[in-house]
Each structure stands twice: as C-alpha cells, then as structure tokens.
Amino acid sequence: MPASLVVWTLTALILVGVLTQKWWEPRLEARGVPVRRWPWRWWLVGYPGTALRIVVTWRRLAYLNHLSVSTSPDRRVIGRDLVVHGQALKPKPPRLTWPMPTATGLTLRVLLHPGQTPAPFYAAARAMEHTWRVHSVRVTSPRRGQVVIEVTARDPLAEDAPSVRSPAPVLLAADVGVSEDGGPWLIDLRRTPHWLVTGATQSGKSSLLAALVLALAPQRVALVGIDCKGGMELGLFGGRLSALAVDRTQALGVLAGVVDEIQARMKWCRSWDKRSVWELPEEQRPVPLVVIVDELAELYLTDGSRESKDEAEQCGTLLLRIAQLGAALGVHLVIAGQRVGSDLGPRVTALRAQLGGRVAHRAHDAASAEMTLGDINPDAVITAQNITEDEQGVAVVAMGGRWMRARSRLVSTSAAVEIGRSDPPQDPFLTQPDPVTFQKGGIAA
C-alpha cells in the first residue's frame with residue numbers, strides 16, 4: 001500500500017506540473033531560472049532506467065571484472081605439506097551509493113573494501129559502458145577508500161556548441177564552447193597562463209582561436225596575433241588586434257616588442273615594490289596582453305640559409321622568454337600548431353614544458369597526441385586518438401593534471417569581421433601607448 005501511494009502521488013505531481021507548465025515556466029524564467037535548458041527528458045525518462053540498470057547489474061559486473069572480494073581465504077592446506085590456491089567462493093561486491101543525476105548523466109560512489117585499490121575500477125570502465133549502455137564512464141578516486149564513477153549517458157559534444165556564450169565571469173576568462181558535462185568550456189588565463197593547441201588540418205584549431213578572440217574581444221585585453229599563413233585566419237579580426245604579423249620577419253619584430261614590454265613591466269613592478277602586475281592598484285595595472293600564434297611550425301622551419309636559421313633561432317628564443325617571464329606580468333601565450341615536437345628545433349621541447357594548458361584535436365598520428373598530452377595523462381592520449389573526422393572542433397583539454405573532452409563553438413566569418421571593426425584598449429603597452437604595428441628591428445607607429 002505505501003509503495004503504490006508513492007507512485008500515485010508522484011504521477012499526480014508530474015501531471016499537475018505538465019498541465020500548469022504555461023503558468024510557472026515564464027515566471028521562473030523571469031526570475032533567472034533557466035527552466036528550458038534543464039534536461040527534463042533525461043531526468044524523467046532516461047535517468048530512472050539507467051539508475052535501475054546500474055543497481056541491478058552491479059553485483060554481476062563486479063564479479064566478472066574482479067571488483068568483488070571474499071572474506072574467505074584463497075589458500076587451503078591439504079595434508080601436511082600441500083597448499084591449494086584458488087578463487088574464494090561467494091565474493092562480496094563493494095557497496096554502491098545510489099546514483100545521483102546530473103545534466104548529462106549521473107554520478108555514484110563506491111566504498112572500497114579494506115585492501116582494495118582503484119586500479120581494477122579504472123580497467124573496468126569500458127565494461128561499465130557496455131553493461132549500462134551509456135556513452136562514457138570515467139573513474140576517479142578523489143578520497144582514500146572511495147571511487148567516484150561519473151557516467152555520461154549521451155555525448156553532449158555530438159552537436160555543435162551553441163553560438164550564444166555566457167559573459168566572462170572574470171578578466172581573462174573566455175567561454176569558448178561546451179564541455180563534456182554540458183557546461184561551458186572556460187579558458188581562464190589567470191589560472192593557466194599559457195596554452196598549447198594542436199591538431200591536424202581541419203580539426204578545429206583555428207575555430208578555437210577565433211572563439212577565444214571572440215570571448216576576449218569585449219574585455220580590456222590587448223591581443224597580438226602572429227599568423228604566418230598570410231594573416232588568413234587572425235587577419236579577419238583586423239582592428240581589434242593591437243599588432244599582427246603575417247610572416248616570420250614581422251613575427252620576429254612582434255616578439256621582440258613583446259619582450260621589450262615584459263622588461264618595461266618588470267621595471268614598473270619594481271618601482272611599486274610588487275612581484276606581479278596583479279598586486280598593483282587597478283588604475284596603475286598594465287593592460288593584460290595575449291599573444292596568439294597560429295601555425296607555430298612556420299616560425300621554426302628554414303630553407304637552409306644562414307639568415308633563415310638565425311631568424312628561426314631568434315623566434316624560438318623570444319617565445320621561450322615570453323613563456324618563462326610573462327605570466328606574472330600579465331603577458332600570456334596561446335600557441336597552435338599541427339605538431340609541436342623536437343623535430344622543429346632544439347627549443348620547442350623547453351617551450352612546450354612552459355605551456356600548462358593543453359588542447360589536442362584530432363591528429364593523424366599517435367605521436368602528435370603523445371607530444372601534447374603524454375606528460376599529463378596516458379588516458380587522455382587514448383581519448384584524443386579516438387576523435388574522428390566527423391567531430392570537428394572536439395578536443396581533449398588537459399590542465400593541472402585533469403583532462404576532459406570539449407568542443408569549441410564555430411565563429412562565422414561575418415562575426416569575425418564584426419569583431420575586427422572594434423578597437424583595442426587604449427594604452428595597451430607601457431613601451432608604446434598607441435595601437436602599433438611591429439616591424440623587424442623595432443616598433444613603428
């Protein structure tokens with residue numbers, strides 16, 4: 001009787017909610033509650049079935065994947081000197097908490113038996129995906145004695161990221177797309193100052209850079225572009241950039257000017273007895289500067305001539321200095337390229353080590369994904385290798401030892417041109433107060 005009463009009560013509440021939706025939905029929307037973006041279909045239909053399937057299949061899944069343990073010994077002495085070793089009977093699976101729903105799936109905790117480690121659960125993630133019929137399963141262990149299983153029921157990256165972006169919560173934070181949990185993909189340059197973006201042609205690198213510029217354009221941030229493809233990509237943003245180089249000769253002048261700016265900011269901080277520009281009073285703080293480099297390899301490749309080799313070596317040295325010195329001075333690097341390996345030059349490996357944020361799009365070979373994500377997490381490398389050609393814009397994002405899948409939003413050419421009509425912030429440089437064009441050997445207004 002009590003069970004049937006609960007069922008009838010829930011059914012009545014759902015029916016009343018559906019019939020009165022036209023009354024309460026606009027009122028909640030007016031109060032800032034995004035009712036229409038809530039995953040009602042998943043919560044009411046998908047979640048109950050998936051949660052029930054997890055609970056019903058957990059015991060057998062744990063047994064088949066060696067997640068269960070037995071309190072009985074697995075060795076038995078027969079006679080005086082014979083020991084028989086085998087699998088103990090009646091293993092007991094670890095206790096599972098009730099799955100809690102999220103926007104795109106559900107999450108649950110497993111309480112480990114004494115002596116268990118998370119390693120078998122990591123290995124069983126694929127088995128969980130097939131048993132529970134979900135898109136993906138990620139296993140983590142944030143606390144001793146516990147394992148957290150995050151289930152994604154459907155791929156939120158299967159569709160293009162919405163064109164509407166949320167406003168930046170803080171300066172230098174950019175909403176560039178959607179993450180695998182359905183939330184916004186934020187690139188926060190204050191937390192992770194420098195980023196490396198890799199991927200094959202038509203994988204989504206340029207789209208990500210465009211989304212980054214789109215998100216930073218309304219902020220009081222100076223943007224400097226280096227696009228050695230003749231400015232075909234970054235050139236669309238035109239007047240919003242404080243400087244733009246379209247070949248390596250111009251890039252050398254841009255990078256030299258940025259290093260001069262770093263030196264000037266060091267002197268400015270010393271005059272205030274501060275160790276960072278972020279410790280300065282806001283009215284005395286220099287404008288943050290973001291250097292965006294598209295196709296890094298063009299700065300390192302040479303034709304064999306002495307002049308070409310010298311230019312490539314100078315570019316490598318200047319980039320490394322910016323990466324090493326710029327973070328505390330409000331100067332940030334975002335570097336994109338198909339491959340960022342030691343084959344480009346002796347300083348590329350040192351530069352890559354300074355880029356804490358990593359974004360790996362689809363690559364043609366395993367080595368490219370390994371170069372980008374190998375020192376972060378081996379599982380991230382495998383995930384990046386599984387990105388298909390149909391998933392343009394999808395990438396694996398790694399920072400601070402954590403990684404996730406995400407998809408950047410597509411920026412139309414008309415939107416890029418509209419951004420290009422806006423103006424850069426006033427006085428972005430201590431070394432040159434007006435918007436500038438850098439040239440080889442110095443800066444020219």
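Contact here means heavy atoms within 4.5 Å. By that rule, S207 touches S408, R409 and L410, not counting residues up to four places away in sequence. This is a predicted model.

**Helix α6 and the loop before it**

S207 sits in helix α6. S207 counts as buried because its relative accessibility is 19%, and buried means under 20%. K205 also has its place in helix α6. With a relative accessible area of 5%, K205 is buried.

K205 has a list of partners beyond four places in sequence. Among them are V197, T198, G199 and A200. K205 also touches E295, G337, Q338 and H361. One link involves a polar atom of the K205 side chain, which lies 3.0 Å from the backbone oxygen of G199.

Q202 lies in the loop between β10 (195-198) and α6 (205-216). Is Q202 buried or exposed? Q202 is exposed, because its relative accessible area is 59% and the cut-off for exposed is over 50%. Leaving aside residues up to four places away, Q202 touches R362 and Q392.

The UniProt record, an unreviewed entry, places a "binding site" feature here. That feature covers G199, A200, T201, Q202, S203, G204, K205 and S206.

**Accessibility of selected residues**

| Residue | Relative accessible area | State |
|---|---|---|
| Q202 | 59% | exposed |
| K205 | 5% | buried |
| S207 | 19% | buried |
| E129 | 11% | buried |
| C228 | 15% | buried |
| C315 | 0% | buried |

**Helix α3**

Helix α3 takes in residues 40-64, which is 25 residues. Does its length come out as expected or not? At 1.5 Å a residue, α3 should span 36 Å. The C-alpha atoms at its ends are 34 Å apart, which agrees.

The helix has a kink of about 50°, centred on W58. W58 is also one of the buried residues of α3. The others in that list are W42, Y47, T50, A51, I54, L61 and A62.

What covers these buried residues? The cover includes the strands β3 (95-96), β4 (100-101) and β5 (105-111). It also includes the helices α4 (119-123) and α5 (125-132). Just after α3, H66 takes a positive phi of about 60°.

**E129 in helix α5**

Helix α5, part of the cover over α3, holds E129. E129 is buried, with a relative accessible area of 11%. Apart from neighbours within four places in sequence, E129 is in contact with V134, H135, S136 and V137. The V137 link includes a polar pair: the side chain of E129 reaches the backbone nitrogen of V137 at 3.2 Å. Another residue, V151, is 22 residues from E129 along the chain. The C-alpha atoms of E129 and V151 are separated by 8.3 Å.

**Cysteines**

How many disulfides does a search of the whole structure find? The search finds zero. C228 and C315 show why a bond is ruled out for this pair. The cysteine sulfur closest to that of C228 is in C315, 7.5 Å away. A disulfide needs sulfur atoms within 2.5 Å, so 7.5 Å is too far for a bond. Seen from C315, the closest cysteine sulfur is in C228. C228 is buried at 15% relative accessible area, and C315 counts as buried at 0%.

Technical notes
Residues are numbered from 1 along each chain as its sequence is written. This is a predicted model: local features need pLDDT of at least 70, side-chain atom pairs count only at pLDDT 80 or more; totals for chains, interfaces and linings use all residues. Side-chain values use heavy atoms; hydrogens and water are left out. Helices (H or I, at least four residues) and strands (E, at least two) are DSSP runs, numbered from the N terminus. The expected span of a helix is 1.5 Å times one less than its number of residues. The bend at a residue is the angle between axes fitted to the seven residues ending there and the seven starting there. Buried means under 20% relative accessible area, exposed over 50%, partly exposed in between (1.4 Å probe, protein chains only). UniProt positions are given in the numbering used here, feature names are shortened, and annotations may be inferred rather than shown by experiment. A polar contact is a pair of N or O atoms within 3.5 Å; within protein, one must be able to donate a hydrogen and the other to accept it, and residues adjacent in sequence count only if both atoms are side-chain atoms.
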